[in-house]
Amino acid sequence: MEKYGLKNPSENKTKKCKKYLRVYTTIPKEYKIGISVVDETIFIDFTHKEYLDLIFDKKWDGVVIEIVTSDQFGCDEKNHDADLKGFLMPPVFRKQMLENKIDRENGFVSIRYGELPKNFKSLDTEFNLLTIQNKYWCNYHHFINLEDNLWELLPMGLFKDTIERSTILKKYEEVVKKIRFTIPFEKNKIEFNQEDIKPIYDSLKLTDFNIQKIRIRAYSSIEGDEQRNKELQNGRASSIIEALQEYQTPEIQSEISISEAWNAFRRDIKGTKYEYLMKLSKDQVKIEVGKKYISKDLESYFKKHRRAEIELSLQKRFEYEEENQESLKILFNQKVKDRNLEEVLFLQQIILDKIEKNQLPEQFIDSLEVPKISIFGSLYNNFAIFGFSADESKEELKEQISVFKALSDQFPGNAKIKYNLTALKLKLWKYGESETNEADLQHSIRELKKLGFEQSLITRLQINYYNLLSYYLFKRQEFTKKDRVINEVFRSYKKLELNDTQIFIIAKYFASYSNYELANSVLENRIFESDVDSELIFYYLNLNINQLNRKHIQNVWMKALELDSERVCNLFLAIPKGGMSFQLSDRNFLDMIYCENCNN
């Protein structure tokens with residue numbers, strides 16, 4: 001590469017790029033670089049000003065942007081060289097970089113590199129970056145679009161004290177639960193009768209609950225026409241929903257995903273005489289398994305693959321449904337006089353539910369007679385929560401904190417009120433260190449421990465406290481302290497039972513600080529389960545896009561195709577169009593994935 005007088009150090013890289021390699025291996029992993037295009041102007045963005053001074057401190061140190069287009073990465077012969085793939089823009093060296101420097105918020109800095117050439121459209125292009133040291137190009141960086149989110153916290157909610165008759169319900173949850181089960185189907189069968197599902201319905205005791213939402217993953221075996229298989233999958237899902245809907249009046253929300261069971265098929269034939277099928281394309285496999293003697297031989301596997309995986313979200317059915325307003329008020333006030341807290345909390349739950357469904361006016365609360373004594377602190381806690389909107393703006397949080405500070409003064413020994421006050425303070429801390437402080441939050445968490453509050457909820461508070469603290473340490477460039485805090489999050493999260501959404505939050509947190517192995521460790525505890533949320537699967541692929549030799553990674557790609565082939569194909573879109581990068585198809589295994597499944 002002799003264009004613009006730049007030179008490839010090739011085997012002399014250790015000598016010619018000595019300074020760059022030394023600096024690059026010692027700077028904190030939090031120092032990052034990116035490229036953005038604003039109004040057809042290209043900028044190079046640095047997370048820290050110090051990066052400029054460390055890397056680009058000599059006259060002939062600089063950067064070069066390479067522009068590549070999606071038509072260079074088709075399934076036919078690749079239209080680019082092995083080393084450099086696209087159009088090189090003129091280099092920008094130290095003097096011009098400093099002249100074009102723009103200081104941003106949070107210590108970020110951008111370099112105005114130049115205008116996007118008119119023959120390129122920003123949505124159809126991607127940019128690679130060459131780092132130049134003394135006119136030698138010492139690093140070639142291919143950017144990949146990876147999602148992270150430093151600010152996302154584990155759900156804390158506000159603690160409601162709810163009672164199911166005479167039993168305290170599981171803390172931190174409403175009167176809800178989730179159950180999962182699998183239903184097998186016969187070959188080419190769509191219909192699902194009420195008689196078929198009633199034993200399942202009765203065994204799950206659904207008469208005590210309404211089904212709020214049903215989530216179905218419907219699978220067909222891989223043999224046969226793909227369009228016919230989609231009809232089977234959709235039909236099976238619809239028949240289950242219709243059968244369950246017969247048992248209740250409220251409409252069931254539904255979420256359906258469909259797929260041929262390719263991942264299960266590959267897993268089952270491994271180690272058998274049919275393992276050779278794994279090396280064939282999908283179309284070729286369908287031809288093979290269409291042969292009568294093979295189809296008959298594989299039926300024992302196909303039978304297991306025709307199934308639907310069901311997840312039901314359930315809500316407890318309330319009693320007292322027939323009570324009118326006046327009798328409900330009298331009953332509530334009488335239970336208050338009797339100081340029957342369990343019954344009062346249960347009735348309060350019904351009242352708030354009816355108000356939310358517009359079956360009672362909101363003013364109904366004012367007619368209830370609750371003395372301000374310690375035994376009824378939970379009632380005031382619940383009424384306060386009910387009055388809040390879902391808005392978590394700075395102003396709304398300050399108002400909510402004010403309400404709970406007053407309640408905390410009225411009921412100083414009520415741990416639930418203190419928990420809610422602490423959770424609100426943590427949420428407000430997102431808006432800046434001036435809104436609250438580390439010492440206050442640490443004190444609040446310690447107070448909850450002294451009051452014997454539920455440990456799992458305290459652990460959530462602690463993790464969210466560490467999440468925000470690590471960001472402020474990062475901003476202050478206290479990287480050693482920040483790393484200790486991140487390790488505390490890793491130790492703490494294992495103590496919790498997290499759903500897939502929450503596991504996703506934890507994984508993104510670690511990835512945000514370039515702790516990819518910690519993020520992988522979190523995900524790998526879950527992604528190989530059959531009912532895993534697809535978000536975890538796709539995020540795992542994102543994290544390991546440069547680790548195609550990682551154990552089981554190719555199986556995860558196949559599972560992703562089975563779950564959502566369209567989404568897999570979208571990963572190969574240009575970064576400006578929301579993809580990870582169309583340059584992924586330049587890698588052998590991913591080229592096979594793309595060309596076999598996405599090259600329409």
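Which residue caps the N-terminal end of helix 14? The legends below begin there. This is a predicted model, in which local features need pLDDT of at least 70 and side-chain atom pairs count only at pLDDT 80 or more, while totals for chains, interfaces and linings use all residues. Residues are numbered from 1 along each chain as its sequence is written, and side-chain values use heavy atoms, with hydrogens and water left out.

**View 1. Asn414 caps the N-terminal end of helix 14.** A side-chain oxygen of Asn414 lies 3.0 Å from the backbone nitrogen of Lys416. Helix 14 covers residues 415-429, and its 15 residues reach 21 Å from the first C-alpha to the last, close to the 21 Å expected at 1.5 Å a residue. That expected span is 1.5 Å times one less than the number of residues. Helices here are DSSP runs of H or I with at least four residues, strands are E runs of at least two, and both are numbered from the N terminus. Helix 14 is largely enclosed by the rest of the structure, because 13 of its 15 residues are buried. Buried means under 20% relative accessible area, exposed over 50%, and partly exposed in between (1.4 Å probe, protein chains only).

**View 2. Strand 8 sits between two antiparallel pairings, with strand 3 and with strand 9.** Two strands pair if DSSP finds at least two bridges between them. Strand 3 (residues 62-69) is joined to strand 8 by 8 bridges, with Asn128 as the bridge partner of Glu66. Strand 9 (residues 136-142) pairs with strand 8 over 6 bridges, and here Ile132 has Trp137 as its partner. The hairpin of strand 8 and strand 9 has 2 residues between the strands, and Asn134 takes a positive phi near 50°.

**View 3. Both ways from strand 8, the residues are buried.** In a regular strand the side chains alternate between the two faces of the sheet. Thr125, Phe127, Leu129, Thr131 and Gln133 point one way, and Glu126, Asn128, Leu130 and Ile132 the other. Strand 8 (residues 125-133) is mostly covered, with 9 of its 9 residues buried.

**View 4. Two phenylalanines meet in a tilted pair.** A search of the whole structure finds 25 aromatic pairs. Rings of Phe, Tyr and Trp (its six-membered ring) pair if their centres lie within 6.5 Å; planes under 30 degrees apart count as stacked, over 60 as edge-to-face and the rest as tilted. Phe87 and Phe120 are 5.7 Å apart centre to centre, with 35° between the planes. They lie 33 residues apart, Phe87 in strand 4 (residues 87-88) and Phe120 in the loop between strand 7 (109-115) and strand 8. Phe87 is partly exposed, with a relative accessible area of 35%, whereas Phe120 counts as buried at 14%.

**View 5. An edge-to-face pair links helix 17 and helix 18, formed by Phe490 and Phe510.** The ring centres are 5.9 Å apart and the planes meet at 65°. Phe490 belongs to helix 17 (residues 479-493) and Phe510 to helix 18 (residues 500-512), 20 residues apart. Both Phe490 and Phe510 are buried.

**View 6. Helix 17 packs through its buried residues.** These include Phe479, Val485, Ile486, Val489 and Tyr493. The buried residues pack against helix 16 (455-475), helix 18 and helix 19 (516-524), where contact means heavy atoms within 4.5 Å.

Notes
Polar contact = N/O pair within 3.5 Å; in protein donor to acceptor, adjacent residues only side chain to side chain.
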